[in-house]
Each structure stands twice: as C-alpha cells, then as structure tokens.
Amino acid sequence: MRYLLLLPLLISFIVVAENEHSDMHDLMAHMLTPASEAIWESSGYVITEQGEFSLEPANDEEWEKVLYGAKVISESAYLLKIPSRSENKNEWIVFASLLKDVGDKAFEAAEAKDVEALFQIGAELYQVCVACHQVYMNK
Amino acid sequence: MKIIKLNLILLLSFFSYTVYGHHAFTAEFDANAPINITGKVIKVEWINPHAWVHVEVEEDSKLIVWMVEGGTPNTLIRNGLTKNSIKPGTVINVRGYQSKGKLCLPRCIANGRDITFPDGSKVFMGSSGTGAPKDGADPRER
C-alpha cells in the first residue's frame, strides 16, 4: 500500500518521458542515483581505531528508506524500457531487466533485514550501472 | 536462453570492468597530479560503490588527512585486500592522483592506485579501465 506513493512520481516521469523525452541525465541524477545510494549507504563498515561499525539501518524507519530505494530501482526498469527510450536498443533492454532483478533482490534483502546480502547486492548494482554506462553513457 | 544472454553480458561487463559508473577517473581526478604519500591509516570505509582509506600524513609539521578512493570492496578482495588487512594505525604508502579541485579542505582527496604495506608488499587498490593513466599499478594492464 505504501508503495502507491510511488505512483505519482512514476507516472510523472512516464508523462514527461513520453511527451518531452525527458533528459536521461535527470532520471539518473534525481531518481536512480538517490535510490542506489539508499542501498549503498545502508550496508558496509567503517573501521577506525575505536572499532568496526556497521552501517546497517538502525530501525524500521531506516529500513523503510532502503525498501523505498529498492522499489524505485526495480520499478524504474519500466521507465527505461518505454519505447521512446528503448527502441532499437537491445542491450539497453537487457540492462534494464538486470536493474529490475537487482532492485527486486535488494527489496527482498531489505524485507529480510539481511545486511550481508544487501552489501553483495550493492556491489551487483554497481556492476549493472557500470556495464550500462560503458555502452551508453557517451552516446 | 534469455538468462544465459543476461549472464553472458554481465560476465563480459564484469571482466572488462570499465568504470564510467558513479564517476569516471577523468571527471574527478587529475592525471597530471600524481601523489605519493606515506602516513597512518586512521579510517577505512568499506562501502559500495568505492572503498575509502583515510591516511594521516605529516606535511611541513602539520597533519593532513588524505581521503583515498579505492575500487569496490569486492574488487579489492580480488586484488588481495580485505577490510581486515588495512588496519587503522598501520603506516602505508599510497600512490595515486589528486582530485581536480586540489582543495585540501577539510581533507585532501585522491584516487588510489596502489598501497605498499610495512612488509613491502604492494597491492593494486583501484579498478581496471577507469581512465586512470597506465602507470604500471594495475597488473591487468601489464
């Protein structure tokens, strides 16, 4: 139910994309990057002389932010696949599908509050981003 | 068939591993500003998408903190570095390239190429194909 809140955002992106072919940079900078950072910043370790500290979410509210980021990543795959963005771009569609898979896995890990899985999925997410950027970023 | 294709693309991307991702080297770092610093590790951020090693360096009787970017934790593990092998307090030598801004406020920022430990062992701390100069640090470029 709470993810219905995402709908206006997603619809607005779709409307803009279909009508004006919104700049891909904006979608990345204002949607996918913050969503990815929600995953990356919720797992890992900071090590100092005082000890090792986990970055895992400390309460349900913080886990909710991770769930939100994961869902945005997963659902944004559909935005990347709309015809105006994906026509004649076979690899683009493959990368978007990979992004959906990673988003779904991140969502499952966040639901299970599995920090180690989330850390590994964060690495996988970066791989997918890099692989796509390698092909399309300068086109 | 679809799954095989997906895996193949990811696998190829994984091995080529050219990082134009979160940022490319040339977007943030200056290939004409190499650094060679020696100092004490004071903090390690073992995080995605880049690990960071904070090194306290004495320069002109002042303590300067350098924040050195590495590859992803998984990349570092493959290179032979774990979060337990860069212990705070260890004195290391780091070669790399300074950020384009060159402002050291509140700390200096650099892209790390390799770390040399007190026992003389040297480990590549970056990712391959980032656009960093081919300086011999990356064993995959040799």
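In this predicted model, Arg113(B) is buried, with a relative accessible area of 2%. Its side chain is nevertheless engaged in a salt bridge with Asp135(B), the closest N and O atoms being 3.0 Å apart. Because Asp135(B) lies in the segment after β6 (122-124) of chain B and Arg113(B) in strand β5 of chain B, the pair ties together parts that are 22 residues apart in sequence. Asp135(B), for its part, is partly exposed, at a relative accessible area of 26%.

Salt bridges in chain B

Side chains of opposite charge can pair when their charged atoms come close. Over all chains, a search of the whole structure finds seven salt bridges, including the three listed here.

| Salt bridge | N to O distance |
|---|---|
| Asp135(B) and Arg113(B) | 3.0 Å |
| Lys102(B) and Asp30(B) | 2.6 Å |
| Arg95(B) and Asp114(B) | 2.7 Å |

The side chains of Lys102(B) and Asp30(B) meet at 2.6 Å, and since Lys102(B) lies in the loop between β4 (91-99) and β5 of chain B while Asp30(B) lies in strand β1 (residues 29-46) of chain B, this pair ties together parts that are 72 residues apart in sequence. Lys102(B) is partly exposed, with a relative accessible area of 38%, whereas Asp30(B) is buried, with a value of 17%.

The salt bridge between Arg95(B) and Asp114(B), at 2.7 Å, links distant parts of the chain, with Arg95(B) in strand β4 of chain B and Asp114(B) in strand β5 of chain B, 19 residues apart. Here Arg95(B) is partly exposed, at 28% relative accessible area, and Asp114(B) counts as buried, at 2% relative accessibility.

Strand β5 and the make-up of chain B

Strand β5 (residues 108-116) of chain B also holds Ile115(B), which is buried, with a relative accessible area of 0%. Leaving aside neighbours within four places in sequence, Ile115(B) is in contact with Leu81(B), Ile86(B), Ile92(B), Asn93(B), Val94(B), Ser121(B), Lys122(B), Val123(B) and Met125(B). Ile115(B) and Ile47(B), by contrast, are 68 residues apart in sequence and 18 Å apart in space, C-alpha to C-alpha.

Chain B as a whole contains three helices and six strands, and from the N terminus on its elements run α-α-β-β-β-α-β-β-β. Of its 142 residues, 51% count as buried, and among the contacts in chain B between residues at least 6 apart in sequence, 59% join residues at least 24 apart. Chain B exposes about 7100 Å², of which carbon and sulfur atoms supply 57%.

Nonpolar cores and helix α5 of chain A

The largest nonpolar core has 36 residues, and those with the most contacts inside it are Ile39(A), Ile73(A), Leu80(A), Leu99(A), Leu118(A) and Leu125(A). Four helices of chain A, namely α2 (24-40), α3 (60-81), α5 (90-111) and α6 (115-136), each supply at least two residues of this core. Apart from it lies another core, of 25 residues, among them Val41(B), Val44(B), Val68(B) and Ile86(B).

Within chain A, Leu80(A) touches Met24(A), Leu27(A), Met28(A), Leu32(A), Arg85(A), Ser86(A), Trp92(A), Ala96(A) and Leu99(A), not counting residues up to four places away in sequence.

Helix α5(A) also permits a check on its geometry: at 1.5 Å a residue, its 22 residues should span 32 Å, and its end C-alpha atoms are 32 Å apart, which agrees. This helix is followed by Lys113(A), whose phi is positive, near 55°.

Notes:
Residues numbered from 1 in each chain as written. Chains lettered and ligands numbered in written order. Predicted model: local features only at pLDDT ≥ 70, side-chain atom pairs only at ≥ 80, totals over all residues. Heavy atoms only, no water. Core = buried A, V, L, I, M, F, W, Y, C linked by side-chain atoms within 4.5 Å. Buried < 20%, exposed > 50% of the residue type's maximum accessible area, 1.4 Å probe, protein only. Contact = heavy atoms within 4.5 Å. Salt bridge = Lys/Arg side-chain N within 4 Å of Asp/Glu carboxyl O. Expected span 1.5 Å × (residues − 1). Areas by Shrake-Rupley, 256 points an atom, 1.4 Å probe, with all protein chains shown as cover.
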